[in-house]
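Trainee: I have a model open on my screen and would like to learn to read it one feature at a time. Could you take me through it?

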Amino acid sequence: MNNTDWKILIYLKEERSINKVAKRLFMTQPSLTYRLGQMEKEIGVPLFIRTNKGVHFTDAGDRLYSFAEKELQQYQDMKNYVIHDPNDVSGVLRIGASQSFTQSHMPEILKGFADKYRDIDISLTNDTSDHLVKLIKKEEIQLAIIRGTQEWYDYNILLERQPLYLISAAPIDKETLPQQPAIRYNSDPTLEELRVRWWRQNFDKDPQFVLAVNDCLTTVEIVNAGLGHAIVTGDILKKCKPEIYRQMIYDRSGNPITRSSHLICKSAMLGSSTVAAFIDFIKYFFHVDQNQEEDPELRG
């Protein structure tokens, strides 16, 4: 297999369409279909499932896809090294970001990064922070932006700290809040621990959860529609309607309860030109000291 094969796999994962991939690679549809068949013949197992809704990868195909990303990145890194042109960075960048960070920051970040590095293909995984740490360890992604005090002992940068807010469709009254409907959304255990700790410090009764949703943006939309209350990070407040009530929450010492954002990766990944370019861009975006390389908060 060669670099064209790796590109076929990467584009097919994105497009799910043989016709669209053929157009991107300036190939005919029959020649691309033949090449997919040759891949399966060479590997010796089915790699693709063809349906009316497009092409899907088998488990073996997914494993080959992960390998293709790494191979294509190594090839591009080699070209960049030989050319010695720091402004000509290209390849595949596999990144992950927590759900709330994705919804609040990633559109602007990706737009700015893509404008600066037009030859870098970006694959973004959106998941909870604790699961992103697992993906980093397995090298299924090259770097991740996570939230909270996840256990991590390698390269990490503190990007920001966001205060937590209680948002509510009704006026916030601590006397009646436990009787008001609450909205729960999926998050990693560290955020859930902050929410539970704050609630137990302020109320004797458990919250009255009426809905459980997948992410914080859906939660905000439900609160915007006039139902219940929830706890979210401050950067999500811009998604709230002006009439939504909001109140920063504090610990027993009167300090704001915050949620930190970190960029993490394995040190070995720093040799990748695409990873290095993204880290430099993120540092600039968040005004992080260029000499700052590690934040001890993630060391458990």
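Mentor: Gladly. Let us begin inside, with the lining of the largest cavity: by class, it has three nonpolar, seven polar and three charged residues. Please keep in mind that this is a predicted model.

Trainee: How does one find such a space, and how many cavities of 30 Å³ or more does the count come to?

Mentor: The general idea is to roll a probe the size of a water molecule over the atoms, which shows where empty space is left. Here the count comes to one cavity of 30 Å³ or more. The largest cavity has a volume of about 110 Å³. There are 13 residues lining the largest cavity, and those closest to its centre are Gln99, Ser100, Ser187, Asp188 and Leu191.

Trainee: Now for helices. At what angle do H1 and H3 pack, and how far apart are their axes?

Mentor: Two packed helices are described by the angle between their axes and the distance between the axes. In this model, H1 covers residues 3-15 and H3 covers residues 29-43. Their packing angle is about 105°, and the axes lie 11 Å apart. An angle from 65 to 115 degrees counts as roughly perpendicular, so H1 is roughly perpendicular to H3.

Trainee: Which residues make the contact between H1 and H3?

Mentor: From H1 come Asp5, Ile8, Leu9 and Leu12, while H3 supplies Leu32, Arg35, Leu36 and Met39. Sorted by class, the residues of this contact are six nonpolar, no polar and two charged.

Trainee: Next, backbone angles. Which sign of phi should I expect?

Mentor: Most residues other than glycine have a negative phi. Two residues here are worth a look. Arg16 has a positive phi near 60° and is not a glycine. Arg16 sits in the loop between H1 and helix H2 (18-24). Glu139, also not a glycine, has a positive phi of about 60°, and its place is the loop between helix H7 (129-137) and strand E5 (143-147).

Trainee: Are Arg16 and Glu139 buried, partly exposed or exposed?

Mentor: The partly exposed range starts at 20% relative accessible area and runs up to 50%. Arg16 has 29% relative accessibility, so it is partly exposed. Glu139 has 28%, so it too counts as partly exposed.

Trainee: What about Pro46: where does it lie, and what does it touch?

Mentor: Pro46 belongs to the loop between H3 and strand E1 (48-51). Its relative accessible area is 56%, so Pro46 is exposed. Leaving aside residues up to four places away in sequence, Pro46 touches Glu40, Thr58 and Ala60.

Trainee: How do I compare separation along the chain with separation in space?

Mentor: Take a pair of residues and look at both values. Pro46 and Gly112 are 66 residues apart along the chain, and their C-alpha atoms are separated by 39 Å. Thr149 and Ser260 are 111 residues apart in sequence, yet 7.6 Å apart in space, C-alpha to C-alpha. Thr149 lies in the loop between E5 and strand E6 (155-168), and at 47% relative accessibility it is partly exposed.

Trainee: And how would you describe the whole protein?

Mentor: Its secondary structure comes to ten helices and eleven strands. The C-alpha trace spans about 70 × 50 × 30 Å along its principal axes. Of the 300 residues, 47% are buried. Among contacts with a separation of 6 or more, 73% join residues 24 or more positions apart.

Methods:
Residues are numbered from 1 along each chain as its sequence is written. This is a predicted model: local features need pLDDT of at least 70, side-chain atom pairs count only at pLDDT 80 or more; totals for chains, interfaces and linings use all residues. Side-chain values use heavy atoms; hydrogens and water are left out. On a 1 Å grid over the protein atoms alone, a cavity is a set of points where a 1.4 Å probe fits but cannot get out, and a pocket is an open set with protein on both sides within 12 Å along at least five of seven lines; lining residues have an atom within 4 Å of a point. Grid points are joined across faces, edges and corners, and a volume is the space filled by probe spheres set on the points. Ala, Val, Leu, Ile, Met, Phe, Trp, Tyr, Cys and Pro count as nonpolar, Asp, Glu, Lys and Arg as charged, and the others, Gly among them, as polar. Axes are lines fitted to C-alpha atoms, for helices over the stretch in contact, and angles run from 0 to 180 degrees between N-to-C directions. Helices (H or I, at least four residues) and strands (E, at least two) are DSSP runs, numbered from the N terminus. Angles under 35 degrees count as roughly parallel, over 145 as roughly antiparallel, 65 to 115 as roughly perpendicular and the rest as oblique. Contact means heavy atoms within 4.5 Å. Buried means under 20% relative accessible area, exposed over 50%, partly exposed in between (1.4 Å probe, protein chains only).
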